[in-house]
Amino acid sequence: MNLIEPILADAATIAAIRRDIHAHPELCFEEVRTADVVAKALADWGIPVHRGLGRTGVVGIVRNGTSSRAVGLRADMDALPMTEHNQFAHASRHPGKMHACGHDGHTAMLLAAAKHLAKHRNFDGTVYLIFQPAEEGGGGAREMIADGIFEKFPMDAVFGLHNWPGMQVGQVGVNPGPMLASSNGFRVVIRGKGSHAALPHTGIDPVPVACQMVMAWQTIITRNRRPIDPGVISATMIHTGEAINVVPDSAEIRGTVRTFSFETLDLIERRMREVAEHTCAAFGASCEFEFTRNYPPTVNHAAETEFVKRTLAGVVGADNVVPFEPTMGSEDFSFFLQAKPGCYFTLGNGDGAHRAGGHGLGPCMLHNPSYDFNDDLIPLGATCWVRIAEEWLKPGAAR
């Protein structure tokens, strides 16, 4: 790997910041301490700071030369509402909060890049360092856009990354087109008529209606959706009843829908509603159907993806820039990619062997209570960010 030597030499200092953030996790839109740490570091390195976009977001601005061209580099800052099982020194000090997705590492990598860019400024234009809140369900990217990030800080393109456990350290995963799926939620309340369980004919039982509905929804995937268009319907919760000898009045079903395209999503939402309403009608019941669109699919732009492949091949080698198998997970960087050209890529986080003594017994996978970010990625990720900024803003380059 072709790592930038000053970044490599400073890796331990940045890793200490990462571990401090890990020990003090903050949930979406609560990243006040984390934002303070980020803003202070940027200011100490002479980088102008803008705060408050998306409530707790931080944007650092590094300028050089005379070009009006600009590029955005984004890291997310928030943690997850879960209890950490690790016992090492930098484990979470706040029960029920944990950096189980590596956003502490993403923040650290961008800080390391910021420090280098501010000191060396080997580019012509402006680099916007976007430290985003509330990726884990809060839609922090959407809120930063609503607060005018692209009006206040005009940029030609925006780039994001995520560590990826199970992928070898030193590998970059990227594709044009879909990387991650849309995330959507549904809630259906089935209204029946309660009765004694020994006299079911006197009521309208919502339980078999719920069972029929869940199974019928799967035919949308197998019979309505084109087989080559990915889609998942997951009914994950059914709540009903209070006693074993009582037919309940109602039943509630909740779950998620994931797709890579809006066309498939439109189809699934429409058919789920039709199936729900007509299934209820067939049983003499009624229902309330709610469908919430949370995060759109994360879809990379072709030109920016080729730029990332070419640029990062110079860091990790062409053989280590590998195709990424799209996943049905979701990411609110998708909102940025709807508003601006850009690319989202992954960095291998390894198999968990980096974890020191005191880690939990579980695997080092995302959203796992035994997860920990691999600090070996800090100089690699920072080098990737610097090269993307320098190459995009190379003097004389046309975009």
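Glu391 counts as partly exposed in this predicted model, because its relative accessibility is 26%, a value that lies between the limits of under 20% for buried and over 50% for exposed residues. Its carboxylate takes part in a salt bridge with Lys394, where the closest N and O atoms are 3.1 Å apart, and Lys394 is likewise partly exposed, with a relative accessible area of 38%.

Side chains of opposite charge can pair when their charged atoms come close. In the protein the count of salt bridges comes to 25, and three of these pairs are set out below.

| Pair | N to O distance | Relative accessible area |
|---|---|---|
| Arg19 and Asp375 | 2.8 Å | Arg19 38%, Asp375 13% |
| Arg187 and Glu290 | 3.0 Å | Arg187 23%, Glu290 37% |
| Lys394 and Glu391 | 3.1 Å | Lys394 38%, Glu391 26% |

The side chains of Arg19 and Asp375 meet with an N to O distance of 2.8 Å. This salt bridge links distant parts of the chain, since Arg19 belongs to helix H2 (residues 11–23) whereas Asp375 sits in the loop between strand E16 (342–350) and helix H11 (377–392), 356 residues apart. The two partners also differ in their surroundings: Arg19 is partly exposed at 38%, while Asp375 is buried at 13%. Both residues belong to a network of salt bridges that also links Arg18, Asp104 and Asp372.

Arg187 and Glu290 form a salt bridge at 3.0 Å, N to O. Arg187 lies in strand E8 (residues 183–191) and Glu290 in strand E13 (residues 286–295), so this pair ties together parts of the chain that are 103 residues apart in sequence. Arg187 counts as partly exposed, with 23% relative accessibility, and Glu290 is partly exposed too, at 37%.

Turning to the protein as a whole, there are 11 helices and 16 strands, and the C-alpha atoms fill a box of roughly 80 × 45 × 40 Å along the principal axes. The radius of gyration is 24 Å, which agrees with the value near 21 Å that a compact globule of 399 residues would have. Of the 399 residues, 55% count as buried. Among the contacts with a separation of 6 or more, 81% come from residues 24 or more positions apart.

The exposed area of the protein is about 16400 Å², of which carbon and sulfur atoms supply 53%. As for charge, the protein has 35 positive and 43 negative charges, and the mean positions of these two sets are 3 Å apart.

Note on methods
Residues are numbered from 1 along each chain as its sequence is written. This is a predicted model: local features need pLDDT of at least 70, side-chain atom pairs count only at pLDDT 80 or more; totals for chains, interfaces and linings use all residues. Side-chain values use heavy atoms; hydrogens and water are left out. Helices (H or I, at least four residues) and strands (E, at least two) are DSSP runs, numbered from the N terminus. The radius of gyration is taken over C-alpha atoms; the globule rule is 2.2 Å times the number of residues to the power 0.38. Buried means under 20% relative accessible area, exposed over 50%, partly exposed in between (1.4 Å probe, protein chains only). Contact means heavy atoms within 4.5 Å. Accessible areas come from the Shrake-Rupley method with a 1.4 Å probe; for residues, only the protein chains shown count as cover. Lys and Arg count as positive and Asp and Glu as negative; His and the chain ends are not counted. The place of a charge is taken as NZ of Lys, CZ of Arg, CG of Asp or CD of Glu. A salt bridge is a side-chain nitrogen of Lys or Arg within 4 Å of a carboxyl oxygen of Asp or Glu.
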